[in-house]
There are 6 protein chains.
Amino acid sequence: YELQVAEGGVEGRVNGLAVMGEDSGIMLPVMAEIAPAQGQGQVIATGQLKEMAEESVQNVSAIIKKFSDVNLSEKDIHIQFVQAGQQGVDGDSASITVATAVISALEDIPVDQTVAMTGSLSVRGDVLPVGGVTHKIEAAAKAGCDTVIIPKANEQDVMIEDEYEEMVDIVPCSNISEVLDVALMGEPKKDSLVDRLKSITGSALDHGAVGSTSGSNPSPQ
Amino acid sequence: YELQVAEGGVEGRVNGLAVMGEDSGIMLPVMAEIAPAQGQGQVIATGQLKEMAEESVQNVSAIIKKFSDVNLSEKDIHIQFVQAGQQGVDGDSASITVATAVISALEDIPVDQTVAMTGSLSVRGDVLPVGGVTHKIEAAAKAGCDTVIIPKANEQDVMIEDEYEEMVDIVPCSNISEVLDVALMGEPKKDSLVDRLKSITGSALDHGAVGSTSGSNPSPQ
Amino acid sequence: YELQVAEGGVEGRVNGLAVMGEDSGIMLPVMAEIAPAQGQGQVIATGQLKEMAEESVQNVSAIIKKFSDVNLSEKDIHIQFVQAGQQGVDGDSASITVATAVISALEDIPVDQTVAMTGSLSVRGDVLPVGGVTHKIEAAAKAGCDTVIIPKANEQDVMIEDEYEEMVDIVPCSNISEVLDVALMGEPKKDSLVDRLKSITGSALDHGAVGSTSGSNPSPQ
Amino acid sequence: YELQVAEGGVEGRVNGLAVMGEDSGIMLPVMAEIAPAQGQGQVIATGQLKEMAEESVQNVSAIIKKFSDVNLSEKDIHIQFVQAGQQGVDGDSASITVATAVISALEDIPVDQTVAMTGSLSVRGDVLPVGGVTHKIEAAAKAGCDTVIIPKANEQDVMIEDEYEEMVDIVPCSNISEVLDVALMGEPKKDSLVDRLKSITGSALDHGAVGSTSGSNPSPQ
Amino acid sequence: YELQVAEGGVEGRVNGLAVMGEDSGIMLPVMAEIAPAQGQGQVIATGQLKEMAEESVQNVSAIIKKFSDVNLSEKDIHIQFVQAGQQGVDGDSASITVATAVISALEDIPVDQTVAMTGSLSVRGDVLPVGGVTHKIEAAAKAGCDTVIIPKANEQDVMIEDEYEEMVDIVPCSNISEVLDVALMGEPKKDSLVDRLKSITGSALDHGAVGSTSGSNPSPQ
Amino acid sequence: YELQVAEGGVEGRVNGLAVMGEDSGIMLPVMAEIAPAQGQGQVIATGQLKEMAEESVQNVSAIIKKFSDVNLSEKDIHIQFVQAGQQGVDGDSASITVATAVISALEDIPVDQTVAMTGSLSVRGDVLPVGGVTHKIEAAAKAGCDTVIIPKANEQDVMIEDEYEEMVDIVPCSNISEVLDVALMGEPKKDSLVDRLKSITGSALDHGAVGSTSGSNPSPQ
Ligand SMILES: [Ca+2]
Ligand SMILES: [Ca+2]
Ligand SMILES: [Ca+2]
Ligand SMILES: [Ca+2]
Ligand SMILES: [Ca+2]
Ligand SMILES: [Ca+2]
Ligand SMILES: [Ca+2]
Ligand SMILES: [Ca+2]
Ligand SMILES: [Ca+2]
Ligand SMILES: [Ca+2]
Ligand SMILES: [Ca+2]
Ligand SMILES: [Ca+2]
């Protein structure tokens with residue numbers, strides 16, 4: 001059972017995108033809420049996250065902790081992959097989705113539900129490339145979304161079919177501040193938030209990406 | 001051995017509903033109590049909860065922590081699946097049951113034992129769809145309950161047999177505040193609680209559910 | 001090697017009852033002591049407790065923490081299944097035994113060693129049904145005990161042989177306060193303790209047990 | 001490699017006894033030291049203790065914490081099974097050995113190295129029966145010890161060969177205070193310690209041991 | 001998908017080098033960020049680090065903690081192996097890469113992205129030898145880097161092909177202060193940092209390396 | 001790759017000795033550093049230590065904590081087995097090596113790198129016997145060391161070949177204070193340290209070692 005929302009603005013809810021099996025995408029929403037901590041504040045993520053997904057939440061938390069005005073040592077940050085089901089969530093491509101949901105919940109700024117997104121995140125705010133962007137864009141289009149945010153480094157990987165091309169705008173982003181500029185609603189408050197985020201994250205990858213190779217996983221020796 | 005209660009009002013006790021095997025439901029009560037913490041306050045859930053059930057308790061705690069007037073950093077919240085037995089509890093469909101039991105215990109407001117319920121919960125208070133609603137409703141009817149709360153998103157899945165249809169009222173809910181409005185007893189106190197809960201949770205899914213598809217478990221890539 | 005005590009009064013020691021194999025019972029005493037905590041207070045239970053037994057100790061602790069006048073955050077509560085041996089303790093039928101031993105140790109009130117007991121416990125003080133009551137009662141009789149406390153919900157399950165019937169009084173209880181009324185010694189102090197416990201636990205199952213069915217283990221979906 | 005000491009007095013060192021394989025005993029010394037805690041005080045036991053041995057150390061700690069004048073929340077209690085080797089330590093028969101070593105270290109009172117001992121311990125100070133007493137007594141005699149402390153409940157199990165009978169005195173004890181009366185050296189200080197321990201532990205098994213049966217491991221149901 | 005940066009200066013980002021399979025190297029960047037701790041400060045490293053890689057981060061932290069002016073008990077140090085992928089990071093040859101990234105983030109001094117590096121690190125600041133230096137140097141050259149830092153103890157292992165020899169400068173280092181002197185940018189600030197680091201780490205291996213043998217892994221007995 | 005140092009004085013670095021396979025020894029250096037703790041002070045040992053090696057570090061910490069003037073609750077003690085490799089460190093024969101490295105780092109007193117050592121340690125400072133002393137002494141000689149410290153209880157096990165006999169002095173020690181007297185450099189400071197250590201550790205094994213038998217691992221019953 002899945003509930004899809006592709007209209008209006010909702011606080012703490014973001015339409016994420018995932019790949020299912022070999023060649024199909026799916027909307028996988030993330031919800032966040034900030035609550036007073038029972039003990040020492042912590043980040044609590046549910047959806048049976050595998051190790052890589054757990055780590056992506058830790059990377060996101062680096063930016064949240066730098067960004068927040070609130071003293072997070074007295075707050076619990078709840079993150080819920082709403083329809084993750086029994087098999088749980090793997091990979092790190094929901095990083096920008098999680099970051100957007102948490103910042104929306106922290107700042108009480110609604111997220112545009114016509115926007116869907118996919119992208120990994122560095123601890124310094126860079127949006128890093130992910131897999132399956134084409135299938136994900138098509139899934140967002142089918143679900144009725146109007147805009148899909150993808151990593152700038154994945155721009156050359158987009159090969160969506162014609163029927164979807166007119167349905168959605170594709171917005172490549174290279175920094176989390178650009179993501180929030182697109183996804184959040186409510187002008188004056190949003191703009192100051194985006195500016196604050198820009199000044200915090202800097203922009204590590206400004207100086208030219210020399211190349212992009214896919215490969216197996218290397219290990220230092 | 002199971003003890004079933006389907007009459008009167010009891011604090012901190014709620015008639016949950018579960019599916020057994022392929023095609024039968026069962027009443028599975030949840031009890032809660034609030035006690036002074038020995039060290040730092042924590043949520044302690046028993047009934048041999050599997051990962052998904054543990055996580056559903058964490059999601060519920062987001063709402064409890066926002067809702068409570070009491071300083072929960074000095075309280076332990078005990079949650080007991082009373083008849084879970086050796087195999088324990090899986091899934092997240094008892095989320096609203098747990099939330100109702102804990103809020104009843106925190107606020108010293110009795111729960112109507114003629115009510116049974118099933119439903120998942122988001123960290124922001126939305127009641128999310130679950131499986132097996134038909135079998136669960138029939139189990140509640142057989143056990144003598146008069147009212148069964150189900151998620152609004154499961155309304156179209158109800159196909160109970162005629163013999164049960166007259167025995168129970170089915171109440172679809174989309175927010176935890178609606179659940180408590182039906183399940184708690186004692187008017188003036190309950191109403192102020194429900195109002196407070198409404199203002200805290202907001203209503204993330206107001207803007208129209210676009211569709212509902214069942215499917216296998218997707219993972220971000 | 002087992003040491004059996006069935007006479008006199010001892011603080012912090014209670015004759016529990018267990019089932020061995022298919023069809024025989026055994027006395028399994030529980031001892032408790034309260035000590036200054038080295039760090040933050042905790043409950044320390046030994047006897048190689050399996051998950052269900054560990055959880056039963058957590059459920060008992062809900063009542064202990066509500067009941068105690070002492071600040072338990074500076075105390076360790078030690079619980080020892082004295083003759084648990086290499087295979088350890090499973091199940092939750094020693095819950096009332098553990099509760100009685102700890103309260104005796106906390107309050108310095110002796111436990112009547114002519115009493116043996118079996119029963120599960122809810123976090124709100126209800127005595128819940130267990131298995132094997134007949135074998136357990138016979139084991140208590142053989143060991144020389146005069147009184148056996150069982151859950152009220154197990155009353156209809158008692159089918160002891162004639163030779164034992166005259167040896168022991170069977171006392172069905174539905175609340176932990178009734179258990180302590182029977183098991184503790186020393187009148188005025190005990191009575192005030194039992195009254196205090198009654199007011200704390202309430203009585204969740206007062207309103208009529210609708211039925212009692214045995215079954216396999218259900219899980220919420 | 002093993003170092004055996006069977007003469008003189010040493011602080012924080014006690015000659016324990018263990019069974020090796022089917023039918024032979026061995027001396028297994030325990031050493032203890034008290035050090036300022038780096039963080040929060042804890043009990044640190046080395047010798048690759050299996051679960052039952054770990055739990056026996058926890059049971060011992062109940063008595064240490066009640067007994068100590070020192071604030072143990074700022075102290076680490078180090079316990080070392082000196083010659084445990086690769087296979088580690090199992091069982092709970094070194095409980096009185098551990099208790100004696102720690103109390104000697106805490107109080108700076110030497111332990112008589114001509115004494116060897118075996119015995120389990122309840123959280124309230126009772127010496128509980130163990131296995132293999134005959135082989136253990138013979139091992140102590142072979143190692144040159146003059147005195148062997150065993151649990152009173154094991155008195156009837158002693159069947160040592162004639163050649164050893166004249167070499168060692170066997171001292172059955174039922175309370176940890178009796179053990180320390182035999183094992184510690186240095187009269188006035190020791191006596192006040194033993195008195196203090198007596199008043200703390202009480203004597204839970206005073207009222208007559210009804211019987212002693214060996215058996216397999218029961219579990220509550 | 002991999003993003004390679006080999007130009008300009010970036011804070012908290014260092015081009016590490018790893019070996020892939022038998023005979024090829026790869027650039028594996030490390031990013032670091034310092035954030036206010038939610039609870040007690042900790043080092044959080046992502047990239048699915050295996051035990052040896054986890055330990056290398058702990059060794060690096062010894063130097064960071066001695067070096068930092070900031071009170072790290074209120075800071076979380078985030079370390080991210082950006083392109084580690086599903087198989088994660090093993091080995092300790094990224095130690096100097098991690099140290100450089102963290103110190104750059106702590107001090108807000110950019111790292112020269114034309115530099116790549118490999119090297120293990122002792123808790124006292126010595127650069128220790130690693131494997132695969134030749135393949136790693138070639139990978140750095142292919143990726144467009146101008147300078148490669150290697151451990152001084154690996155100097156004799158370098159056997160790069162002629163085509164790469166002119167592309168990169170190889171800089172052997174024996175202390176972390178030398179590494180930072182090469183890798184950081186911005187003269188006056190960098191120099192004082194390098195001096196401070198020199199005085200903290202000392203130089204444990206000054207007194208002559210007697211030999212270098214490769215071998216299997218020994219264990220104390 | 002291994003770096004061997006057998007000359008001069010270095011703080012926080014000690015030449016340990018290990019056995020490799022059946023019949024050969026190897027130098028295995030240990031390095032230590034003391035750093036401000038990020039949270040609560042702890043001992044952090046790297047080199048993929050197996051359980052027995054972990055426990056030997058805990059035993060060493062008993063002496064360090066008693067010895068140190070510094071408040072270790074605000075310090076992290078880092079211990080690094082520098083060339084442990086992928087298979088890690090097992091056994092407890094590096095205990096005196098670890099103790100020497102940490103005390104050198106704590107007190108800023110250099111360790112004589114012409115000295116190598118092997119020996120286990122009790123929590124009260126006794127040097128306990130280890131295996132493989134002959135092979136270890138030969139390895140130290142081959143590596144150019146002049147002095148080898150071994151446990152006094154291993155004196156009779158030394159059977160080195162003639163060619164090595166003139167190369168190294170063998171110094172048997174029975175207490176950690178004797179070890180440091182040989183291994184540390186810098187007279188006046190060292191002497192006061194050794195005296196302080198003597199007064200702290202006492203000498204548990206003064207009263208005569210009755211015998212030394214090798215055997216399999218016994219367990220208390
Ligand atoms: Ca909010
Ligand atoms: Ca649309
Ligand atoms: Ca209440
Ligand atoms: Ca009814
Ligand atoms: Ca007491
Ligand atoms: Ca009797
Ligand atoms: Ca002492
Ligand atoms: Ca003798
Ligand atoms: Ca910075
Ligand atoms: Ca270049
Ligand atoms: Ca130092
Ligand atoms: Ca030499």
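**Close-up 1. G144(B) and its neighbour at a calcium ion.** In this predicted model, G144(B) is partly exposed, having a relative accessible area of 37%. The backbone is where this residue helps out: G144(B) (O) and D146(B) (OD) coordinate the calcium ion (ligand 4), at 2.5 to 2.8 Å. D146(B) counts as partly exposed too, with 38% relative accessibility.

**Close-up 2. A calcium ion in chain D.** Which residues coordinate the calcium ion (ligand 8)? Look for G144(D), which offers O, and D146(D), which offers OD, at 2.4 to 2.9 Å. G144(D) has a relative accessible area of 37% and is partly exposed. For D146(D) the value is 38%, again partly exposed.

**Close-up 3. A salt bridge from chain D to chain C.** Here R124(D) and E11(C) form a salt bridge, and their closest N and O atoms lie 3.4 Å apart. The pair crosses between chains: R124(D) sits in the loop between β8 (120-121) and β9 (127-128) of chain D, while E11(C) belongs to the loop between β1 (9-10) and β2 (13-20) of chain C. Is R124(D) buried or exposed? With a relative accessible area of 8%, R124(D) is buried, whereas E11(C) is partly exposed at 27%. If you would like the wider setting, a search of the whole structure finds 54 salt bridges over all chains.

**Close-up 4. A helix of chain E meets a strand of chain F.** The side chains on show are K66(E) and E33(F), which form a salt bridge at 3.4 Å, N to O. K66(E) is in helix α1 (residues 51-67) of chain E and E33(F) is in strand β3 (residues 24-36) of chain F, so this pair joins two chains. K66(E) is partly exposed, at 31% relative accessibility. E33(F), at 4%, counts as buried.

**Close-up 5. A salt-bridge network with members in chains A and B.** This view takes in more than a single pair. E11(A), E33(A), K66(B) and R124(B) are linked here by salt bridges into a network.

**Close-up 6. A salt bridge within helix α6 of chain F.** K190(F) and E187(F) meet through their side chains in a salt bridge of 3.3 Å, N to O. How many residues apart are they? Both lie in helix α6 (residues 187-201) of chain F, three residues apart, which is about one turn of the helix. K190(F) is buried, with a relative accessible area of 6%, and E187(F) is partly exposed, with 46%.

**Close-up 7. The seven-stranded sheet of chain F.** Follow the strands across this open sheet and you will meet them in the order β4-β5-β3-β2-β7-β10-β11, with mixed pairing. Which strands are at the edges? They are β4 (43-46) and β11 (169-173) of chain F, each pairing on one side only. From one strand to the next, the twist averages 30°.

**Close-up 8. Strands β4 and β5 of chain F side by side.** β4(F) pairs with strand β5 (residues 75-81) of chain F in the parallel sense, over four bridges. A handy landmark is I44(F), which stands opposite H78(F) in β5(F).

**Close-up 9. A helix across the sheet.** Helix α2 (residues 95-107) of chain F lies across several strands of that chain: β2 (13-20), β3, β5, β7 (115-117) and β10 (147-151). The helix runs at about 35° to β3(F).

Definitions and conventions:
Residues are numbered from 1 along each chain as its sequence is written. Chains are lettered from A and ligands numbered from 1 in the order in which they are written. This is a predicted model: local features need pLDDT of at least 70, side-chain atom pairs count only at pLDDT 80 or more; totals for chains, interfaces and linings use all residues. Side-chain values use heavy atoms; hydrogens and water are left out. Donors are N, O and S atoms within 2.8 Å of the metal (3.2 Å for Na, K and Ca); water is not among the atoms, so sites may look incomplete. Buried means under 20% relative accessible area, exposed over 50%, partly exposed in between (1.4 Å probe, protein chains only). A salt bridge is a side-chain nitrogen of Lys or Arg within 4 Å of a carboxyl oxygen of Asp or Glu. Two strands pair if DSSP finds at least two bridges between them. Axes are lines fitted to C-alpha atoms, for helices over the stretch in contact, and angles run from 0 to 180 degrees between N-to-C directions. Contact means heavy atoms within 4.5 Å.
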